[in-house]
Amino acid sequence: MASAESVRLVFGDPANPPINVSIHDSVYQRVAKGNYQPQNPDFPAADKLADRRNAMRFQVNDTPQAQLTLKEFAASCKVLDFSKGGGARIQFDGELKTGDNVSIDSERFGHNIAQCVWQKGNQYGLQFAA
């Protein structure tokens with residue numbers, strides 16, 4: 001693009017509000033590593049994107065199955081990534097609500113009690129109980 005005026009603001013402004021956009025996690029990861037800086041003038045600086053997690057996150061390449069139990073209902077889900085003692089991101093074709101308490105069993109991290117803290121499509125964020 002030729003000038004900063006032609007780059008849309010991520011968060012919009014009154015004259016040009018943002019459209020329904022989400023920024024993929026990989027963009028934030030590339031910015032945090034210093035490999036990429038979007039041209040959008042209001043895109044957060046890399047230091048603002050520091051990972052807020054207390055535990056190291058492990059990406060899962062082979063998406064292993066895990067057993068998810070909500071109350072008396074048990075179903076399988078796929079583990080997308082996890083942090084030992086922190087939580088997991090799963091793909092689940094059932095329905096969880098934010099605040100639901102579940103148990104999850106995986107060969108990667110064993111048995112954990114967790115709470116659903118976010119949902120986007122069929123992906124859910126689980127926070128392990130302390």
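Reader: How do E3 and E4 pair, and over how many bridges?
Author: In this predicted model, E3 and E4, the strand of residues 87–91, pair in the antiparallel sense over five bridges.

Reader: Which residues face each other there? Start with serine 83, what is its bridge partner in E4?
Author: Serine 83 is matched with glycine 87 of E4. Lysine 78 also has a bridge partner in E4, and that is glutamine 91.

Reader: And what sits in the turn of that hairpin?
Author: The hairpin of E3 and E4 has three residues between the strands, and glycine 85 in the turn has a positive phi of about 80°.

Reader: Is E4 out in the open or enclosed?
Author: E4 is largely enclosed by the rest of the structure, because four of its five residues are buried.

Reader: What does E4 pair with besides E3? I'm curious how it runs against E7.
Author: E4 and E7 run antiparallel and are joined by five bridges. Glutamine 91 turns up again here, standing opposite glutamine 123 in E7.

Reader: Nice. Let's go back a step, to the other side of E3. How many bridges link E2 and E3?
Author: Six bridges, with E2 and E3 paired in the antiparallel sense. Leucine 70 stands opposite phenylalanine 73 of E3.

Reader: Which residue has the positive phi in that hairpin?
Author: Lysine 71 does: the hairpin of E2 and E3 has two residues between the strands, and lysine 71 takes a phi near 55°.

Reader: Why would that catch your eye?
Author: Because most residues other than glycine have a negative phi. Lysine 71 has a positive value and is not a glycine.

Reader: Where does lysine 71 sit, and is it buried or exposed?
Author: Lysine 71 is in the loop between strand E2 (65–70) and strand E3 (73–83). Its relative accessibility is 75%, so lysine 71 counts as exposed.

Reader: What about leucine 68, buried or exposed?
Author: Leucine 68 belongs to strand E2 and counts as buried, at 2% relative accessibility.

Reader: What is leucine 68 in contact with?
Author: Setting aside neighbours within four places in sequence, the contacts of leucine 68 include Phe73, Cys77, Ile90, Val102, Ile104 and Leu126. There is also a link across the sequence: the C-alpha atoms of leucine 68 and aspartate 105 are separated by 6.6 Å, with their positions 37 residues apart along the chain.

Reader: You mentioned Cys77. How many disulfides are there?
Author: The count comes to zero disulfides. Cysteine 77 is buried, with a relative accessible area of 2%, and cysteine 116 counts as buried too, at 1% relative accessibility.

Reader: OK, charges next. How many salt bridges does the structure hold?
Author: One. Aspartate 81 forms a salt bridge with arginine 89, and their closest N and O atoms are 3.1 Å apart.

Reader: Are aspartate 81 and arginine 89 buried or exposed?
Author: Both aspartate 81 and arginine 89 are buried.

Reader: What does arginine 30 do? I see a ring beside it in the viewer.
Author: Arginine 30 lies over the face of tyrosine 36, at 4.4 Å from the ring centre.

Reader: Since we're on rings, how many aromatic pairs are there?
Author: The structure holds three aromatic pairs. One of them joins phenylalanine 109 and phenylalanine 128; this pair is tilted, with 5.2 Å centre to centre and 50° between the planes.

Reader: Which parts does that pair tie together?
Author: Phenylalanine 109 is in the loop between strand E5 (101–106) and strand E6 (110–120), and phenylalanine 128 is in strand E7 (residues 123–128), so the pair ties together parts that are 19 residues apart in sequence.

Reader: Are those two rings buried or exposed?
Author: Phenylalanine 109 is buried, with a relative accessible area of 14%, and phenylalanine 128 is buried at 6%. With Phe82, these residues form one aromatic cluster.

Reader: Zooming out, how many helices and strands are in the chain?
Author: One helix and seven strands, in the order α-β-β-β-β-β-β-β along the sequence.

Reader: And how much of the chain counts as buried?
Author: Of the 130 residues, 28% count as buried. Among contacts with a separation of 6 or more, 44% come from residues 24 or more positions apart.

Methods:
Residues are numbered from 1 along each chain as its sequence is written. This is a predicted model: local features need pLDDT of at least 70, side-chain atom pairs count only at pLDDT 80 or more; totals for chains, interfaces and linings use all residues. Side-chain values use heavy atoms; hydrogens and water are left out. A salt bridge is a side-chain nitrogen of Lys or Arg within 4 Å of a carboxyl oxygen of Asp or Glu. Buried means under 20% relative accessible area, exposed over 50%, partly exposed in between (1.4 Å probe, protein chains only). Rings of Phe, Tyr and Trp (its six-membered ring) pair if their centres lie within 6.5 Å; planes under 30 degrees apart count as stacked, over 60 as edge-to-face and the rest as tilted. A charge sits over a ring if NZ of Lys or CZ of Arg is within 6 Å of the ring centre and within 35 degrees of the ring normal. Two strands pair if DSSP finds at least two bridges between them. A disulfide is a pair of cysteine sulfur atoms within 2.5 Å. Contact means heavy atoms within 4.5 Å.
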